[in-house]
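Trainee: Could you take me through a close look at one part of this model, the surface around DNA strand D? I'd like to know which residues come nearest and how the two protein copies are related.

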Number of protein chains: 2
Amino acid sequence: MLTDRQLLIFQVIVDDFIQTAQPVGSRTLSKKEEISFSSATIRNEMADLEELGFIEKTHTSSGRIPSEKGYRYYVDHLLSPQKLNQYDIHKVQSIFAERIYELEKIVQRSAKILSELTNYTSIVLGPAVRDNKLKKIQIVPLNKETAIAIIVTDTGHVENRMFHLPENIDASDLEKVVNILNDRLAGAPLESLNNKLYKEVAVLLRHHINNYDLMLNSIADTIKIPAYDKLFFGGKTNMLSQPEFHDIEKVKNLMNMIEQEEGIYDLIRKNKSGINIKIGRENNNSAMENCSLITASYSIGTEQLGTIAILGPTRMEYSRVISLLNYISADLSAVLSKLYQNR
Amino acid sequence: MLTDRQLLIFQVIVDDFIQTAQPVGSRTLSKKEEISFSSATIRNEMADLEELGFIEKTHTSSGRIPSEKGYRYYVDHLLSPQKLNQYDIHKVQSIFAERIYELEKIVQRSAKILSELTNYTSIVLGPAVRDNKLKKIQIVPLNKETAIAIIVTDTGHVENRMFHLPENIDASDLEKVVNILNDRLAGAPLESLNNKLYKEVAVLLRHHINNYDLMLNSIADTIKIPAYDKLFFGGKTNMLSQPEFHDIEKVKNLMNMIEQEEGIYDLIRKNKSGINIKIGRENNNSAMENCSLITASYSIGTEQLGTIAILGPTRMEYSRVISLLNYISADLSAVLSKLYQNR
DNA sequence: TGTTAGCACTCTTTGTTACCGAGTGCTAAT
DNA sequence: ATTAGCACTCGGTAACAAAGAGTGCTAACA
């Protein structure tokens, strides 16, 4: 559908615009090494490319910039994977250099490094807790009225919540409860806890504890998995340095959306494994009109755990970002698998 | 040092500028209800006020704006406490309406509400963990090599860290360790744990456990209190709506500083109890040149727990913000005292 | 027939000029 | 002591010109 020459010209336009953020004119193009024909020829080809919807003008006599359709084509057909340099690799390795065991911390460091290497904003959707299996429940009474329930999952994730103790419950009662809970629920996926609690544990509690229903509700309430997994960000302010965000209104929209988190969550979550690229309005979000979002997933073994993403202007260094995401997500998966496979 | 009339004029200038963000001229002033003399008179008085350093011009023939010295005087001498309206009070009450027990969540909600009521950025320094006393330590083994240590404090704060298990340690060993730890350390302030651990617990461990030193180090590492207490923010993007931040560079500086957190920490922490006001360069921070920071402390009983603050432009509604901070910090202290006094 | 030189045209950017309005400082009259 | 009046200053806006970058189209060229 596109001739080789059109392809070449298009590629050079996109590459140049990604670098300079300035519309690219025929004269600029004709001076490039890769290009050996005159500006007039280029103008003709550009007119065709524009008619096909790959490039646009900002005004009648301006140079061209890639359209969203153009970026899409560029990303789908013209991208050559970029080789990471020594510095990048070194930086990524440094995520895992320190002996940290907590999943969350590793993930958080990844977000930070990723934003530093790209100068864009990085977003990491933390490890999904819902598939974790319960390792242990513990209850620590603080005083007569309140206690803390703590649950530990097989990946080492810890959740805790305070709750009200029913009256007239003593330490030995609590101990019984904890024993029953661990006995019945250990090993079960967090998702199923609530169900099991009422179906299996309720009966047992009744035999041992007075006012067991109040207690049960408190525990059920405590055990509920958070609806959203944690989001980690890196370089939230990096977008302020991008020329397309010299307009305060755009910045405000974007920042608000980042601050809200819910919107981000929707954008990040529903992605297949591997690399996903959403360009501009493909994100279906007015605050992201000038942005692209590239996501990659990381996993333990075959189980997809979370998502790691870069948010940048549509004029983004796609090739570099994809390479980095691929590299980090692979490393992340490898390290995590090694740490937690045998759980 | 200032005549009554100068005082009046100065006050009206500040009040007007806080509202409009526009330099105030003599004609505008002469039209105000409070003011019954001519613009020429006002001009003379303004010249004096400028000579005294309370107000400034933005250019030779502009109206006047308050100087930093002016704001300082205004805040120290002219502030009349503002009465909160029904809506404000209702909003603040809503922080405590839901039955939440976790300190952190209450504090976080306060930050959110505060930013919504003021349209500035709110910062809350979370409850200091260092003075908490240890309630319970627990260790949950995840697999042969790793375990999680969980500590619970008397205020219900939970910290957890993963650590490497020494080889050849079994469940009963771990149980012994936990018992010893709780026996010896429960009730001690977190700050003193490290010390006690090596002084008192080490001896005991030696008798019961092989390779006790490795274990000890892991535990010591785990028990370390975080150097910084948690910061909570509300309305990080609110500043983008202030006219003084139409300049992207200023926004970038400020946002970066907020994102870093360390700088904020320094600003917030070293404040006496009660209300503290830092205006513009008094903050000693170039990113905050156009900002004022008002802090208040909250406490349980007489023990100062944390700080609650508002970051806004120097042209801030001081009176309203101070009233709000006073009100919230008092409420916060009252509720927290009630919940945790009897710990 | 594909390529290119040339040219008229368009649109943005930049600089100049002029002018209005808001505000000031100073002087002189009240 | 207060104020009316006036000359002056400065920012903002609009109108206009000129420069520069780029385009589309036509006609000449290989």
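Mentor: Happy to; here is the surface near DNA strand D, followed by the relation between the two chains.

A word on conventions: this is a predicted model, where local features need pLDDT of at least 70 and side-chain atom pairs count only at pLDDT 80 or more, while totals for chains, interfaces and linings use all residues. Residues are numbered from 1 along each chain as its sequence is written, chains are lettered from A and ligands numbered from 1 in the order in which they are written, and side-chain values use heavy atoms, with hydrogens and water left out.

There are 21 residues around DNA strand D, and those that come nearest are S26(A), R5(B), T41(B), T60(B) and S61(B); a residue is near the strand if one of its heavy atoms lies within 4 Å of it. Of the strand's atoms that come within 4 Å of the protein, 73% belong to sugar and phosphate.

Now for some polar contacts, meaning pairs of N or O atoms within 3.5 Å (within protein, one must be able to donate a hydrogen and the other to accept it, and residues adjacent in sequence count only if both atoms are side-chain atoms). T41(B) has a side-chain N or O atom 2.6 Å from a phosphate oxygen of DNA strand D. The side chain of R43(B) places an N or O atom 3.0 Å from a base oxygen of the strand. From chain A, a backbone N or O atom of S61(A) lies 3.5 Å from a sugar or linking oxygen.

Two or more residues of this surface come from each of α2 (26–30) and α3 (39–51) of chain A and α3 (39–51) of chain B. α3(B) gives the most, with four residues. Here helices are DSSP runs (H or I, at least four residues), numbered from the N terminus. By class, the surface holds three nonpolar, 13 polar and five charged residues, with Ala, Val, Leu, Ile, Met, Phe, Trp, Tyr, Cys and Pro counted as nonpolar, Asp, Glu, Lys and Arg as charged, and the others, Gly among them, as polar.

As for the copies, chain A superposes on chain B by a rotation of 180° with 0.0 Å of shift along its axis, at an RMSD of 0.1 Å (least squares on the C-alpha atoms of residues with pLDDT of at least 70 in both). That is the relation of a two-fold axis. Within chain A, I248(A) comes closest to the rotation axis, its C-alpha lying at 3.5 Å. Both copies use the same surface, as 97% of the contact residues of chain A recur in chain B, contact meaning heavy atoms within 4.5 Å.
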